[in-house]
Amino acid sequence: MQARAAGIDNPSPMIGPARLIRAAFDASDMAALAQEILARSPDGVIDAGAAMDLATILLLMHRTDEALQLQTDILQGQRLFSLRSNPDQARVRVLILVTAGDLMANTPIDFLLNDDDFSLTYLFLCPGEDMPRDLPEHDVLITGIAYSSGAEPLLEAVAAAAEGWARPIVNHPRAVLKTSRHGIADALRGAEGILAPVVALLDRAALSASASRLPDGLNYPVLVRPLDTHAGNDLQKVDRAEDLTRYLDHATTERFYVTQFCDYRGPDGLFRKLRVVLIDGVPFLCHLAIRDHWMIHYLNAGMLEDAEKRMAEAAAMATFDAAFAQRHRAAFAEIHRRIGLDYLILDCAESSDGRLLIFEADTGMVVHDMDPVDLFPYKLPQMRRVFSAFQQAVRGRAETRPA
């Protein structure tokens, strides 16, 4: 298979990540979809945008190495892409800065701006290259590159270049740089009403040497995970020095985050984790997961199987503005002030002493409306509120852009 470039300044159309993620979520046959894309070009040469869709499909099929290699090949000849679904008469032209990588590498903006007011164009930037002075025509620019240690030099380069760009920027790259696990802990340290657990970033040798005496601010039990991992991959709660030694014996990576563990179970013995998005500092609840174990992800919390948990989530959404958001109003405002992002996703809870407990804060988590309406009838209206708020924020910036 070969990818046909459309020219470095001419966007190549693609289906885009959101529609493909939705297809996978709906249990579509992704291999068949890939064959359908390939069949559009009988000579075996497909457009760069179609090839980028194939790379996304490979990621969704967990064929990561193939997907990343395909991305690399495509980006040698094409950097600019648009959505096939872009409306002809869109009022706001949005340029999204992205980079090659897996599904966590970039903010899935096309979930949020799925509206006829917006046309989306993606400009892929690569580490180590000069940043462009002149950008494709747009009304609003969004930094879609999410933080990772590998993306840090690229975000720093984009931040420097951004000083010379004239259009409004949503999520300035300098603020995105604050969203590493240790960056969030540092930024929120000492903030009233917020519990941001101490985080240390250590290499293998330093972590092994400190097993019997953890760095200042850390006490057993702690959470240990490899750098740049998410969704609980290789995450372990470590209660004693000998457990940490055993963890390192089986770990294959060289750098680790060590985070102070906080027991956040409620009076009923259950743990509750909220995903909250801040849009211009205003909090919106995207989901509530409930489980009898401290490691909660929405997919392992049994929300599909347990009607009582769904009722609790529905109640939390109905009362969020007047209850949870009001209790933590000052905390959310301080997070917005200290981090400075226009769009920020928080995984959080309420600590036993009533503070806002922050697990993670970044821009790459998926905020979506894909949950089945028959089981989650309360979610679609809530997610429409989230999308509407983000869309209005982008429209507002377009309306105030300099001439």
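User: What volume does the second largest pocket have?

Analyst: In this predicted model, the second largest pocket has a volume of about 320 Å³.

User: Which residues lie nearest its centre?

Analyst: Arg 272, Leu 274, Phe 324, Arg 327 and Glu 350 lie nearest the centre of that pocket, out of 19 residues in its lining.

User: And how does the lining divide into nonpolar, polar and charged residues?

Analyst: The lining of the second largest pocket has 11 nonpolar residues, four polar and four charged.

User: Which elements each supply at least two residues of that lining?

Analyst: Strand E14 (271-279), helix H11 (307-319), helix H12 (324-327) and strand E16 (343-350) each do so. The largest share, three residues, comes from H11.

User: Let us stay with E14. How many of its nine residues are buried?

Analyst: Eight of the nine residues of E14 are buried, and the strand is mostly covered.

User: What does E14 pair with?

Analyst: E14 pairs with strand E15 (residues 282-291) in the antiparallel sense, over nine bridges. Within that pairing, Lys 273 stands opposite Ala 289 of E15. E14 also runs antiparallel to E16, and six bridges join these two strands. There, Leu 278 has Leu 344 of E16 as its bridge partner.

User: What sits between E14 and E15?

Analyst: The two strands form a hairpin with two residues between them. Asp 280, in the turn, has a positive phi of about 50°.

User: Where else does a residue other than glycine take a positive phi?

Analyst: Ala 27 and Asn 171 are two examples: phi is near 65° in Ala 27, and it is also near 65° in Asn 171. As background, most residues other than glycine have a negative phi.

User: Are those two buried or exposed?

Analyst: Ala 27 is exposed, with a relative accessible area of 67%, and it is found in the loop between helix H1 (17-25) and helix H2 (30-39). Asn 171 counts as buried, at 2% relative accessibility. Asn 171 is found in the loop between E8 and helix H7 (173-176).

User: Where is the cis peptide bond that involves Pro 221?

Analyst: The cis bond joins Tyr 220 and Pro 221, with omega about 0°. Pro 221 is placed in the loop between helix H9 (204-209) and E11.

User: Changing topic: what is the strand order in the open sheet of six strands?

Analyst: The order is E2-E4-E6-E5-E7-E8, with mixed pairing.

User: Why do E2 and E8 each have one side without a neighbour in the sheet?

Analyst: Strand E2 (12-14) and strand E8 (169-170) stand at the edges of the sheet, and each has a single partner strand, so one side of each is left without a neighbour.

User: What packs on that sheet?

Analyst: Helix H3 (residues 48-60) packs on the sheet and touches E2, strand E4 (80-83) and E6. The direction of H3 makes about 35° with that of E2.

User: In what sense do E5 and E6 pair, parallel or antiparallel?

Analyst: Strand E5 (residues 92-98) and strand E6 (residues 118-124) pair in the parallel sense, over seven bridges. Val 94 has Leu 120 in E6 as its bridge partner.

User: What about Thr 107, is it buried or exposed, and what does it touch?

Analyst: Thr 107 is buried, with a relative accessible area of 5%, and it lies in the loop between E5 and helix H5 (109-112). Leaving aside residues up to four places away in sequence, Thr 107 touches Thr 143, Gly 144, Tyr 343, Thr 363 and Gly 364.

User: Which residues of helix H8 are buried, and what covers them?

Analyst: In H8 (residues 181-188), the buried residues are Arg 181, Gly 183, Ile 184, Ala 185 and Leu 188. Their cover includes strand E9 (194-195), strand E10 (199-203), strand E11 (222-226), strand E13 (255-260), helix H13 (329-339) and strand E17 (356-362). Just after H8, Gly 190 takes a positive phi of about 80°.

User: Last one: where is Ser 388, and what separates it from Leu 112?

Analyst: Ser 388 is in helix H14 (residues 379-399) and is partly exposed, with a relative accessible area of 40%. The C-alpha atoms of Ser 388 and Leu 112 are separated by 8.2 Å, although the two residues are 276 residues apart along the chain.

Conventions
Residues numbered from 1 in each chain as written. Predicted model: local features only at pLDDT ≥ 70, side-chain atom pairs only at ≥ 80, totals over all residues. Heavy atoms only, no water. Buried < 20%, exposed > 50% of the residue type's maximum accessible area, 1.4 Å probe, protein only. Helix = DSSP H or I, 4+ residues; strand = E, 2+ residues; numbered from the N terminus. Contact = heavy atoms within 4.5 Å. 1 Å grid on protein atoms, 1.4 Å probe; cavity = no way out; pocket = protein on both sides within 12 Å on 5 of 7 lines; lining within 4 Å. Points joined across faces, edges and corners; volume = space filled by probe spheres on them. Nonpolar A, V, L, I, M, F, W, Y, C, P; charged D, E, K, R; others polar. Pairing = 2+ DSSP bridges. Axes fitted to C-alpha atoms, helices over the stretch in contact; angles between N-to-C directions.
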